[in-house]
Amino acid sequence: MPPYARRPYEPFSRQAVVAIALREWRAFGSAVDPDETPDKPERAQGLWQRVGDYWWQGLDPTDPETPWTGKHDAHGRIFPPEDDGEFAWSAAFVSYVMRMAGAGATFPYGANHHTYITAALRGDPNLVIAAARAEAYAPRPGDLICVGRAENAALRYDNALRVGEFKAHCDIVVETGGPEGLSAIGGNVADTVALRQFPVTPDGRLADPERFLAILRLKTAE
């Protein structure tokens, strides 16, 4: 990883998280609320390598997933497009953004979202994230909004710690107060980096909090 991420040159900030998430979104073509298509951006030239950067730089060097790319396994072999669910990179994307933003040792990087969701729910005081209930907290730029996924879609704040490992997805909030609510960017959304919009209440809270497992609030001075 670059020296500025290994030993952060500047304090971790919401602005850095948002700026890096937006940079990656623009690199993938600035998709908004995309639909699944046979044309998988993650496998395109210039982009499968970028997904490889998320794996290599976002995770810890000992993680077995670090050699993966948007279309290659750990041995450099191209895997079939229909097998891409086995190489889902949305958590690697979040890990990459947080590491490049200067989170250093204060973020629990991982290939699965449950790694940092669980750490935040446990309330580790040494982390830069803290778990909040969706009905009780208005997300701010840089925060993560997280949902359960697949067989864990019904997972919620109060029972997640009892499950252990689980399937989930988190997006990074990049804007609040817009006409469509808040905007958030996630990786591996329709096989790309995409921006999605979520309705909010007048006080900025998510309008459908029952859908969300948790919000991971950044503990920064700003």
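## Tour of the pocket and helix H4

Begin with the largest pocket, which holds about 870 Å³ of space. A pocket here is an open set of points on a 1 Å grid over the protein atoms alone, where a 1.4 Å probe fits, with protein on both sides within 12 Å along at least five of seven lines. The volume is the space filled by probe spheres set on the points, which are joined across faces, edges and corners.

Select Ala88, Ser90, Arg149, Ala168 and Asn188: of the 36 residues lining the pocket (an atom within 4 Å of a point), these are the closest to its centre. Then colour helices H4 (90–100) and H5 (113–121) and strands S3 (144–148), S4 (168–178), S5 (181–189) and S6 (192–198), the elements that give two or more residues to the lining. Helices (H or I, at least four residues) and strands (E, at least two) are DSSP runs, numbered from the N terminus.

This is a predicted model: local features need pLDDT of at least 70 and side-chain atom pairs pLDDT 80 or more, while totals for chains, interfaces and linings use all residues. Residues are numbered from 1 along each chain as its sequence is written, and side-chain values use heavy atoms, without hydrogens or water.

Next, keep H4 and add helix H2 (residues 14–27). Their axes, lines fitted to C-alpha atoms over the stretch in contact, lie 8 Å apart at an angle of about 130°. Show Val17, Ile20, Ala21, Arg23 and Glu24 of H2 with Phe93, Tyr96, Val97, Met98 and Met100 of H4, which make the contact (heavy atoms within 4.5 Å).

Finally, swap H2 for helix H3 (residues 48–58), which packs on H4 at about 65°, with axes 8 Å apart. Select Asp53, Tyr54, Trp55, Gln57 and Gly58 of H3, and Ala92, Phe93, Ser95, Tyr96, Arg99 and Met100 of H4, to see this contact.

Note on methods
Axes fitted to C-alpha atoms, helices over the stretch in contact; angles between N-to-C directions.
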